[in-house]
Amino acid sequence: MTTYIGTATLRVDGRDKVTGAARYAGEYDAPDLAHGSVVTSTIAKGRIRRIDTNEAMKVDGVLVILTHENRPPMADSDKAYEDDVAPEGSPYRPLYDGEIKFNGQPVALVLAEDFETATYAASLVKVDYDEQPHVTDLERQLGNAVALDPPAKPRGDAAKAFATSDIKHQADYSVPIEHHNPMELFASTAVWHDGKLTVYDKTQGVQNVQRYLCGVFETKPDEIRVMSPFMGGGFGSGLRPQYQVVLAVLGARALKRSVRLVLTRQQMYMIGYRPAMIQRIQLGAKPDGTLNAITHDATTMTSQYEDFHRNETTWSGLLYKSEAASYAHSLVRLDLPTACDMRAPSAATGVYALEAAMDELAVALKMDPLELRLKCYSDSDQSTGLPFSSKNLRECYSQGAEAFGWNKRSFEPRSMRDGNDLIGWGMATGIWEALQVPITVRITLTGNGHAEVACATSDIGTGTYTIMAQVAADMLGLPIDNITVKLGDSTLPPSPVEGGSWIAASVSNGIVTTSNAIRDELLKMAQAMPNSALKGALADDVMLTNGSIMSKKNPRSTVMVADAMRHAGIERVTQEKATKFKKGGKHAHNTHSAIFAEVKVDEQLGVIRVTRLVGAVAAGRILNLKTAHSQVMGGMIWGMGMALHEETLVDHRFGRIMNANIAEYHVPVNADVHNIEVIFVDEQDDIVNPMGIKGLGEIGIVGVPAAIANAVYHATGKRVRDLPITLDKLTRDA
């Protein structure tokens, strides 16, 4: 019996957020709090020759200026700077030495009595460099790309199959560097307690940061506690510890007092990004649309010191049947900071190229794009041969097409109009992984019918507080107002970082595991009572509901939880259980979606408006219809940004980002967002995990850029393959 799971439950943390009661990393106060400001490098590669802090130190209120020459001790091994999700290589060490690895790298930390003084003094620090030649242009370095191991095994002879295909399509597709731009700036407040620290940090994994800091500063685990009860957006940028948390702790250890450090918006652009990618897709098909060959090659970028990459090309092997396929991935090293995960890493970019290419193949075949996808539909992962634990993509196509009115689409480009506007309809498929990770949950139930649910996981704005409360309320048979959720504290039961859309499934099943242990303990207490109504009942035969332990077979056989605990002479029951999930297995675990887009393009000006988006999503059991809808809709809007707006521009003469602000880095605003419809397609999955839950954070963005790009082609007859599609690209001569 459930009451809250699957309903549109309001956020349990909503009141705190709208009233200001929720505090974020840069808002915590402490007695004797010092403030920091970071001085960053103005070159992309070289060494610091000299740092002049004399003028800055003369400013009244400045306490100290830390550089690599006078900072407190830090570890000197790469191992100490690795975190739970670090790629291979040598992790960046903030303020460690005089070597400059990228433009915008922190070179000094000014600590002062207040933020304004620290910021002003930082502007007075003068740095001289021995500059070295740098490279920051991906396209000019393609000849130096390093091949990586193929992300999936090839099938058949893709080159031969493509060459002998009746219908062929080959094209290159590119996506620029993109930045996360969460509303909350990265910040850390390190509160000093007689040599120990409580660090309030903006992060997607408090225990990851805590272990990282203990490694960097070679301290015992009980000397640093990391907390992040609220986060104003991460989208992957907070998976790894960012440099401001190291500098805040460095400052606190130098001053032996509390320190707050908040990065500027410009500095946020040098802590990670979605890497630019250039992809080549080859599709070979028979006249009826059957695929003979898929070749997917991708080249991405990383820093000079770490090998960040994802399996950009394997999505092609997940979606469509093809007798032959090959995949290749190469990496270019540049003098920029290491890239990082950004919402639906690799899928948002890799699926864009695949789905744009499928649309082009449909044009060549003179076939409806939806018909082609149904023709090539696969019920198994083509790379591994494993069937999907569940895949209701056909129904996504059906429900999405019906809601959109796809059957009214004319085939020919430029054939649909609204006055001076050309109308285009496009569609694409989305796919993401249904991941789950080991997690531990502690539950304490009191005799008066209240429960505390604790786990070190994070709520990065997706609604983790709420879904944890929903699941716990249903499993413990309590009103949701009687549930208190504690998270975002490194001292709580273990949790990995929150990312990859895996926390909802993981922590919910973890709550079930621990709740069952609570139920089992309460049943034993109830059965120890004289003349118990539950004598002989098995644990799986009872449930907790309305403050009682009730037989599923005979609802009249109940024992009140308070009575059982009173008879046992205890006031509270506590259980802490770990939950693990089977790795590998006999099935592929994925979420799927179908995206339909309508654009209107001003024929004279080339201005593009996305007037309608419909997304039909099959993602297992939906825990909260309200927060789930928000997640998918937000992802779809972000996909609109990828298609039409977002692009980080680097001045390669200096290796410096030119539009490191939210005025010149364009994202969709209210005026850009029109009609968006989200459809959740029923999908029962008894294999993926006991609750049948799949994550939703990423799937909303996947496929949207391609659907919009395909709609732009349908409207104009012009194919733009390098995102974002801006009016200059649309109106320039072919």
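**A buried salt-bridge network and a seven-stranded sheet**

Let me begin with a pair of side chains: D359 forms a salt bridge with R719, and the closest N and O atoms are 2.9 Å apart. D359 belongs to helix 9, residues 347-365, while R719 sits in the loop between helix 16 (704-716) and helix 17 (727-731), so this salt bridge ties together parts that are 360 residues apart in sequence. I should say at once that this is a predicted model, and that both D359 and R719 are buried in it.

R719 has a further partner, since the side chains of E360 and R719 also meet in a salt bridge, at 3.9 Å from N to O. E360 again lies in helix 9 and R719 in the loop between helix 16 and helix 17, so here the parts that are tied together are 359 residues apart in sequence. E360 is buried, as is R719, and salt bridges with shared partners join D359, E360, R719 and R721 into one network. For the structure as a whole, the count of salt bridges is 40.

Let me turn to another of these pairs, the one between R257 and E113, where the closest N and O atoms are 3.0 Å apart. R257 is in the loop between helix 6 (243-255) and strand 13 (259-262), E113 is in the loop between strand 6 and helix 3, and the two residues, 144 apart, link distant parts of the chain. As for their surroundings, R257 is buried, with a relative accessible area of 11%, whereas E113, at 39% relative accessibility, counts as partly exposed.

That brings me to the sheet, an open one with mixed pairing, in which seven strands follow the order 3-6-1-13-10-11-12. Its edges are strand 3 (62-66) and strand 12 (224-227), each of which pairs on one side only, and the twist from one strand to the next averages 20°. At the strand 3 edge, four bridges join strand 3 to strand 6, residues 106-112, and the two run antiparallel; within this pairing, I65 has V110 in strand 6 as its bridge partner.

Two helices lie across strands of this sheet. Helix 3, residues 115-122, lies across strand 1 (34-40), strand 3 and strand 6, running at about 25° to strand 1, while helix 5, residues 206-217, lies across strand 11 (196-201) and strand 12, running at about 150° to strand 12.

Finally, a word on annotation: an unreviewed UniProt entry lists residues 19-133 as "domain: Aldehyde oxidase/xanthine dehydrogenase a/b hammerhead". In the model, that span is 11% helix and 31% strand, and its end C-alpha atoms lie 51 Å apart.

Note on methods: Residues numbered from 1 in each chain as written. Predicted model: local features only at pLDDT ≥ 70, side-chain atom pairs only at ≥ 80, totals over all residues. Heavy atoms only, no water. Pairing = 2+ DSSP bridges. Axes fitted to C-alpha atoms, helices over the stretch in contact; angles between N-to-C directions. Contact = heavy atoms within 4.5 Å. UniProt positions renumbered as here; feature names shortened; annotations may be inferred. Salt bridge = Lys/Arg side-chain N within 4 Å of Asp/Glu carboxyl O. Buried < 20%, exposed > 50% of the residue type's maximum accessible area, 1.4 Å probe, protein only.
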